[in-house]
Amino acid sequence: MTTIAMIGIGAVGAVYTNLLNQDETTELYCVMDDKRKERYVREGMNVNGKETKLNYVTPSEVNKEIDYVIFTVKNTQLHAAMDLAQSIVDERTTFLSLLNGIDSERELSERFGEDRVLYGLTNGIDATKNLHDVFYTYPGTLYFGEKRNEQVTERVQQLQAVFERAQIPSVVPVDMERQLWHKFMVNVGVNAVTAISRSTHGVLRDSEELLNVSKRAMNEVIQVANTSNIALTESMIDEFFENVWTKVGYSGKTSMLQDIEAKRKSENDYFAKRVIEVAQKHGISVPVNETLYAFVHHEEKRF
Ligand SMILES: NC(=O)C1=CN([C@@H]2O[C@H](COP(=O)(O)OP(=O)(O)OC[C@H]3O[C@@H](n4cnc5c(N)ncnc54)[C@H](OP(=O)(O)O)[C@@H]3O)[C@@H](O)[C@H]2O)C=CC1
Ligand SMILES: CC(C)(CO)C(=O)C(=O)O
């Protein structure tokens with residue numbers, strides 16, 4: 001039996017928790033504070049119109065040693081989520097973050113120790129949450145592993161087996177840091193553009209004008225990545241739009257568009273702002289990201 005604590009039963013968390021819940025060899029805890037638990041128990045959570053049967057618990061109700069904690073909160077919520085995790089883990093517990101951006105692995109390492117943290121992300125999932133209803137057509141692919149995976153470690157193999165039984169597509173790339181930056185490039189390219197223009201995935205797919213802005217923002221990430229010794233290449237941009245973006249549902253919405261529509265603070269500080277910060281260090285100019293950052297920031301100030 002593998003014990004997993006999930007923290008963050010939102011768009012991404014509900015999809016993966018629901019899939020993990022079908023695997024009888026996984027004991028799953030959806031860990032949350034008292035207030036959220038009361039709401040989740042009362043209102044439940046539906047995925048694609050079907051009620052889920054999830055085990056909502058507060059930290060004091062976790063009575064087993066936890067093998068893995070998987071975080072699926074927003075970057076802005078990670079600190080509170082780590083506080084919540086603190087009392088349910090021991091020195092054997094491994095941590096995995098599926099958060100977008102290039103910050104969460106570092107933040108988890110600072111709190112729990114680098115050797116206990118795996119790298120992770122999910123690409124291509126088109127999960128949209130509306131109160132306690134989550135819809136998706138495509139679960140995407142979960143990329144995870146140690147920072148480098150020339151040899152796949154036992155804890156990664158164990159988790160790979162869990163994902164396979166739960167029918168969650170997963171890949172363990174050799175270079176997870178590069179994979180994380182690749183996803184960062186994607187989010188920097190598509191999230192702000194869809195949020196500012198209020199466009200679904202399908203609208204972005206069909207608009208040459210919007211795609212052009214996204215691609216220019218992604219190009220700036222590549223320049224910044226390359227000066228940070230991360231080998232992203234320009235061909236990855238078209239590969240993403242051809243191989244991944246063609247699969248996501250037409251009416252799917254990026255997490256940033258969902259935040260802006262719900263008048264929630266988005267992850268702008270973890271996407272465009274991070275590009276600007278790293279670019280400044282290396283003396284690189286990133287005007288497209290500066291513009292996108294300003295537009296999203298302006299929206300958020302009106303909430
Ligand atoms: N949506 C998408 O399609 C994709 C999102 N991502 C990334 O995944 C991450 C999660 O995004 P997404 O699922 O959209 O976000 P959501 O806002 O839909 O979900 C986050 C969930 O975490 C819960 N939460 C927040 N703080 C805590 C806490 N302290 N304890 C327990 N639960 C908590 C929230 O509860 P409450 O609602 O009560 O605040 C919410 O249900 C982000 O980094 C995002 O960029 C990656 C790929 C695709
Ligand atoms: C780009 C996308 C939709 C990929 O799943 C995503 O990561 C997000 O919405 O934040």
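1. Arginine 116 is partly exposed, because 17 other C-beta atoms lie within 10 Å of its own, and a residue counts as buried at 20 or more and as exposed at 12 or fewer. This is a statement about a predicted model, and so are the points below. Arginine 116 sits in the loop between α4 and β8.

2. Which residues does arginine 116 touch, leaving aside its neighbours within four places in sequence? The contacts are Thr93, Thr94 and Phe95. Glutamate 91 is 25 residues from arginine 116 in sequence, while the C-alpha atoms of the two are 8.1 Å apart in space.

3. Helix α4 comes before that loop and covers residues 104-112. Its buried residues are Ser104, Glu105 and Leu108. These three are on the same side of α4, because they cover an arc of only 100° around the axis. An α-helix has 3.6 residues a turn, so residues three or four places apart point the same way. On the other side of α4, Arg106 and Glu110 are exposed.

4. What do the buried residues of α4 pack against? The partners are three strands and a helix: β6 (68-71), β7 (94-97), β8 (117-123) and α3 (78-86). Just after α4 comes glycine 113, with a positive phi of about 105°.

5. The protein chain is divided into domain 1 (2-174) and domain 2 (177-301). Taken over C-alpha atoms, the centres of domain 1 and domain 2 are separated by 24 Å. To the contact, domain 1 gives 20 residues and domain 2 gives 22 residues. On the domain 1 side, β8 and β9 (128-130) each supply at least two residues. The most comes from β8, with three residues. By class, the side of domain 1 that touches domain 2 has seven nonpolar, eight polar and five charged residues.

6. The UniProt record, in an unreviewed entry, lists residues 4-147 as "domain: Ketopantoate reductase N-terminal". Over residues 4-147 the chain is 26% helix and 29% strand. The C-alpha atoms at the two ends of this stretch are 21 Å apart.

7. Ligand 1 has 27 residues around it. Which of them come nearest? They are Gly8, Gly10, Ala11, Val12 and Asn100. Helices α1 (11-20) and α3 each supply at least two residues of the shell around ligand 1. By class, this shell has 13 nonpolar, nine polar and five charged residues.

8. Around ligand 2 are Asn100, Asn123, Gly124, Ile125, Gly140, Val186, Asn187, Val190, Asn191, Thr254 and Ser255. Asn100 is therefore listed for both ligands, being in the shell of ligand 2 and one of the residues that come nearest to ligand 1. How many residues of each class surround ligand 2? The shell has three nonpolar, eight polar and no charged residues.

9. The shell around ligand 2 takes at least three residues from each of domain 1 (2-174) and domain 2 (177-301). The largest share, four residues, comes from helix α6 (residues 176-197).

Methods:
Residues numbered from 1 in each chain as written. Chains lettered and ligands numbered in written order. Predicted model: local features only at pLDDT ≥ 70, side-chain atom pairs only at ≥ 80, totals over all residues. Near = placed C-beta within 6 Å. Nonpolar A, V, L, I, M, F, W, Y, C, P; charged D, E, K, R; others polar. Domains from an automatic or database assignment. UniProt positions renumbered as here; feature names shortened; annotations may be inferred. Arc of directions from axis to C-beta. Contact = placed C-beta atoms within 7 Å.
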